[in-house]
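Here is a short report on charge pairing and DNA contacts. Please keep the sequence and the 3D view open while reading.

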2 protein chains.
Amino acid sequence: MPLNIQRKEVLTYGISMALLLLLLKWLEAHFIVFNYRLEFFVGAIAIIFMVLGIWLAVKLVKPKLVIRVVEKEVYINNLKPGEINQKEIEKFGLSKRELEVLALIAAGLSNEEIAGKLFVSLNTVKTHSSNIFLKLDVKRRTQAIEKAKRLNIIH
Amino acid sequence: MPLNIQRKEVLTYGISMALLLLLLKWLEAHFIVFNYRLEFFVGAIAIIFMVLGIWLAVKLVKPKLVIRVVEKEVYINNLKPGEINQKEIEKFGLSKRELEVLALIAAGLSNEEIAGKLFVSLNTVKTHSSNIFLKLDVKRRTQAIEKAKRLNIIH
DNA sequence: ACCGAAATCACCCGAAAGTGTGAAGGAAAA
DNA sequence: TTTTCCTTCACACTTTCGGGTGATTTCGGT
């Protein structure tokens with residue numbers, strides 16, 4: 001139990017103590033104390049000093065610290081994993097179809113496979129990918145993948 | 001000052017109080033108390049109850065609750081970003097040079113650019129990348145990127 | 001000293017990717 | 001209604017990629 005007793009508080013306590021003893025002396029001198037039963041007198045003293053003790057302790061004892069550690073999950077980039085950055089997409093003006101193609105490119109599909117999956121011709125996929133590269137300002141599909149992943153345009 | 005007085009503690013205090021009063025009675029009954037001066041007796045009572053009060057207060061003062069929020073970074077896959085999975089690399093038997101080439105492929109470089117960066121010929125880079133595709137069991141560089149990133153072989 | 005893996009390079013060929021241009025239909029906006 | 005954008009497709013052409021084969025050098029381990 002760490003007691004952080006400061007000089008000022010001790011002084012206050014000392015003065016209180018002295019005053020109480022003075023009162024005691026006065027009571028003894030005037031024989032008033034013996035008008036009451038000894039138990040009552042002792043009980044009063046006990047209560048007074050106990051209250052004083054409680055007051056002292058509450059005043060001076062450093063509050064107990066209970067540290068409750070709460071873990072807060074923090075995602076890097078303010079983005080939950082797998083979340084896409086809509087603002088970046090709008091910034092580059094990528095259309096819905098172009099995003100589909102971009103995602104499939106990043107998945108490692110060839111243009112022909114993409115064409116098959118989207119039910120369009122190979123030439124269409126080529127056009128889309130060319131437009132993607134233009135809008136993203138890249139030269140190759142691998143660069144497009146890198147940039148798109150870095151900017152959270154695709155997961 | 002919030003006092004959190006619990007039933008058990010109050011009981012303990014009550015018993016202590018009763019014992020003390022019993023002691024007092026006994027002392028009074030045996031007239032031992034009057035062998036000493038009244039001030040000493042009262043002082044003893046005062047000190048005892050003050051200590052009791054202090055003890056009570058210290059015991060019962062509600063501990064101050066401090067909530068400490070610890071930010072915990074959350075990563076997918078138990079791997080820190082940029083951390084690589086050495087076991088996967090060994091599983092595929094990728095050499096050091098092949099890893100370099102793989103990283104540059106994933107960075108979006110062309111074979112020629114990789115050759116320039118590694119001070120080797122274009123044919124060497126082609127050989128490396130072919131071996132990479134064989135070891136990773138993929139057909140294209142984009143597939144290699146996808147697989148390598150998924151398995152944390154590269155960042 | 002020898003072996004095997006790694007790294008280097010060359011050449012050829014076919015496949016895939018990317019460029020440029022043009023065009024047509026449809027939907028939404030001005 | 002006109003314009004703009006999206007989507008679709010074609011064709012020709014260039015570049016890059018990837019497979020196959022073979023060769024040389026270097027380096028660590030037995």
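## A salt bridge within chain A

A:Lys135 and A:Glu98 pair through their side chains in a salt bridge, with 2.8 Å from N to O. The model is predicted. A:Lys135 sits in helix α6 (residues 122-136) of chain A and A:Glu98 in helix α4 (residues 96-106) of chain A, so the salt bridge ties together parts that are 37 residues apart in sequence.

The two partners can be described by their accessibility. A:Lys135 is partly exposed, at 32% relative accessibility. A:Glu98 is buried, at 5%. Over all chains, the whole structure holds eight salt bridges.

## Salt bridges between the chains

B:Arg140 forms a salt bridge with A:Glu113, and their closest N and O atoms are 2.7 Å apart. B:Arg140 lies in the loop between α6 (122-136) and α7 (141-150) of chain B, while A:Glu113 belongs to helix α5 (residues 111-118) of chain A, so this pair joins two chains. A:Glu113 is partly exposed, with 35% relative accessibility.

B:Glu113 and A:Arg140 also meet in a salt bridge, at 2.7 Å from N to O. Here B:Glu113 is in helix α5 (residues 111-118) of chain B and A:Arg140 is in the loop between α6 and α7 of chain A, so this pair joins two chains. B:Glu113 is partly exposed, with a relative accessible area of 35%.

## A buried arginine without a partner

Side chains of opposite charge can pair when their charged atoms come close. Which side chain of opposite charge is nearest to A:Arg141? It is A:Glu113, 7.6 Å away. A salt bridge needs the atoms within 4 Å. A:Arg141 is buried and has no salt bridge.

A:Arg141 is placed in helix α7 (residues 141-150) of chain A. Leaving aside residues up to four places away in sequence, A:Arg141 touches A:Ile105, A:Leu109, A:Ser110, A:Asn111, A:Phe133 and B:Thr142.

## The surface near DNA strand C

A:Arg141 also meets the DNA. Of the 18 residues around DNA strand C, those that come nearest are A:Lys126, A:Arg141, B:Ser95, B:Val120 and B:Ser121. Sugar and phosphate make up 66% of the strand's atoms that come within 4 Å of the protein. A backbone N or O atom of A:Arg141 is 2.7 Å from a phosphate oxygen of DNA strand C. For B:Ser95, a side-chain N or O atom lies 2.2 Å from a phosphate oxygen of the strand. For B:Thr124, the corresponding distance from a side-chain N or O atom is 2.9 Å.

The surface residues divide into two nonpolar, nine polar and seven charged. Helix α6(B) gives the largest share, four residues.

Conventions. Residues numbered from 1 in each chain as written. Chains lettered and ligands numbered in written order. Predicted model: local features only at pLDDT ≥ 70, side-chain atom pairs only at ≥ 80, totals over all residues. Heavy atoms only, no water. Buried < 20%, exposed > 50% of the residue type's maximum accessible area, 1.4 Å probe, protein only. Lys, Arg positive; Asp, Glu negative; His and termini not counted. Contact = heavy atoms within 4.5 Å. Near = heavy atom within 4 Å. Polar contact = N/O pair within 3.5 Å; in protein donor to acceptor, adjacent residues only side chain to side chain. Nonpolar A, V, L, I, M, F, W, Y, C, P; charged D, E, K, R; others polar.
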